[in-house]
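This briefing sets out selected features of a single-chain model. Topics run from the chain as a whole to individual residues.

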Amino acid sequence: MDKRTPQMDKSINLYATTGKLPGNIKRKFISNIVAFEKKLQESSEITVFEFLGKPEFKKAEDMYPDELILELCRFNKLFEKHCISLEMLHVYPDDVIYRFITDELFQKKIQDIRLPGYWQHFIYEEFHPNHPSDIKRQGEEFIRVLFGNDWRFINSVLSETIVCNGKNYHRNKLDEFYNIFLDRFGSSKIISAEAKLESFDEKTAQVVMNIKVDQSRFPLKDNLLSILINLENKFEWWQVNSIQSPAFQTGL
C-alpha cells in the first residue's frame, strides 16, 4: 500500500539526483525516528483484534461464499484504516484467508503503536509456508537474474557458497562462471521456462528448470536447456546452493 504524496516523490527524486537529503527532510526523518522510539518504549503489547477495535465477526462455517467475500472486503477496509497490511504471495480460497484472519492473525500480539505513515505488515506465507511454490519461484528468479544479466539481486538468490558442476564458488567471486555463461548464452533470450519440482523437505529441495532459448553458442537440441538446481532453506527463505548442467562445464 503506497502512501507517497507528490511532495514525498519530489524529495525522493531530489535525494536520488544529489545524494544528499535537504536539511528539512533530514530533520523530519530524525524527528520521526525519535517519535517512533518514544512510542515503542511507552507502548504495550495487544492483539491485532484489540488493535482493530474488537470488530464483530462470524465463523466462516456460518456464512455463504458471497458473505465471505463481503466480510473480507470489510476486513480490508478496517486494516487500511488502522494501517495494517496483510499480503499473500499466492492465491488461496476465501474461506482459508478468512479463517486465518479470525483464528490466527486476530490473536497475534503486536505493539500498540499508532503514528502517521507507520504500517504493520503481515505475510500469510510467514505463518503457513508454501514451499513448493516458493522453491519454483526462486528457481525462476535465478534464471531471470542469469539471463537478464542483472546481478544486483544475486545475493538474495544464491547461498554464500555455490557449487557449479562440482566446483565450489563464493557468490561474490563468480567471474569464471559468469564468463562461461556469457560466452555461450550472453545474447540468448528466453522463449519459455518451466520449473519442475523434483523433491523437497523443510530444509532442502531440488528443481529442474527447462528453458527454451532463441539461440545458443552451446549445442542444444531444439534450443532446450535443462538446469538442475538444488536449494537450501536458510534464514527462512530458499537459496540456490548448487547448479548442474552440461552447458556450464569448463574446458568445452
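Among contacts in the chain between residues at least 6 apart in sequence, those that join residues at least 24 apart make up 63%. The model is a predicted one. Its chain contains nine helices and ten strands, and 35% of its 252 residues are buried. The accessible surface amounts to about 16,100 Å², with 52% of that area belonging to carbon and sulfur atoms.

**Helix α7**

- Helix α7 covers residues 131-147, 17 residues in total, and its first and last C-alpha atoms lie 24 Å apart, close to the 24 Å expected at 1.5 Å a residue.
- The buried residues of α7 are His131, Asp134, Ile135, Gln138, Gly139, Phe142, Ile143, Val145, Leu146 and Phe147.
- In general, an α-helix has 3.6 residues a turn, so residues three or four places apart point the same way.
- Asn149, just after α7, adopts a positive phi of about 50°.

**The cavity**

- The structure has one cavity of 30 Å³ or more, and the volume of the largest cavity is about 40 Å³.
- The lining of this largest cavity consists of Phe142, Leu146, Ile154, Leu158, Ile162, Cys164, Tyr169, Leu174, Phe177, Tyr178 and Ile243.
- Two or more of the lining residues come from each of α7, β5 and α9 (175-185).
- Strand β5 gives the most to this lining, with three residues.
- Phe142 and Leu146 of the cavity lining are also among the buried residues of α7.

**The second largest pocket**

- The second largest pocket encloses about 480 Å³ of space.
- Its lining comprises 17 residues, and those nearest its centre are Asp134, Asn233, Glu236, Trp237 and Trp238.
- The elements that give two or more residues to the lining of this pocket are α6 (124-127), α7, β9 (224-234) and β10 (237-244).
- Helix α7 gives the most to the lining of the second largest pocket, with four residues.
- Asp134, one of the residues nearest the centre of this pocket, is listed among the buried residues of α7.

**Buried positions: Gln120 and Leu105**

- Gln120 belongs to strand β4 (residues 120-123).
- Gln120 counts as buried because its relative accessible area is 11%, under the 20% limit.
- A polar atom of the Gln120 side chain is 3.2 Å from the backbone oxygen of Gln111.
- With neighbours within four places in sequence left aside, the contacts of Gln120 are Phe51, Cys83, Ile84, Ser85, Ile110, Gln111 and Ile113; Gln111 is thus both a contact of Gln120 and the provider of the backbone oxygen in the 3.2 Å pair.
- Leu105 sits in the loop between α5 (94-103) and β3 (109-111).
- Although Leu105 is in a loop, Leu105 is buried, with a relative accessible area of 0%.
- Beyond its neighbours within four places in sequence, Leu105 is in contact with Val48, Phe79, Leu86, Phe100, Phe122 and Phe127.
- Leu105 and Phe122, one of these contacts, are 17 residues apart in sequence, with their C-alpha atoms 8.7 Å apart in space.

**Positive phi in loops: Lys54 and Asn165**

- Lys54 has a phi near 50°, a positive value in a residue other than glycine.
- The loop that holds Lys54 runs between α3 (48-51) and α4 (65-81).
- Lys54 counts as exposed because its relative accessibility is 54%, over the 50% limit.
- Asn165 likewise has a positive phi near 50° and is a residue other than glycine.
- Asn165 lies in the loop between β5 (158-164) and β6 (167-170).
- With a relative accessible area of 28%, Asn165 is partly exposed.

**The segment after β10: Thr250**

- Thr250 is located in the segment after β10.
- The relative accessibility of Thr250 is 45%, so Thr250 counts as partly exposed.
- Not counting residues up to four places away in sequence, Thr250 touches Glu176 and Ile180.
- Thr250 and Glu176 are separated by 74 residues in sequence, while their C-alpha atoms are 9.1 Å apart in space.

Methods:
Residues numbered from 1 in each chain as written. Predicted model: local features only at pLDDT ≥ 70, side-chain atom pairs only at ≥ 80, totals over all residues. Heavy atoms only, no water. Buried < 20%, exposed > 50% of the residue type's maximum accessible area, 1.4 Å probe, protein only. Polar contact = N/O pair within 3.5 Å; in protein donor to acceptor, adjacent residues only side chain to side chain. Contact = heavy atoms within 4.5 Å. Expected span 1.5 Å × (residues − 1). Areas by Shrake-Rupley, 256 points an atom, 1.4 Å probe, with all protein chains shown as cover. 1 Å grid on protein atoms, 1.4 Å probe; cavity = no way out; pocket = protein on both sides within 12 Å on 5 of 7 lines; lining within 4 Å. Points joined across faces, edges and corners; volume = space filled by probe spheres on them.
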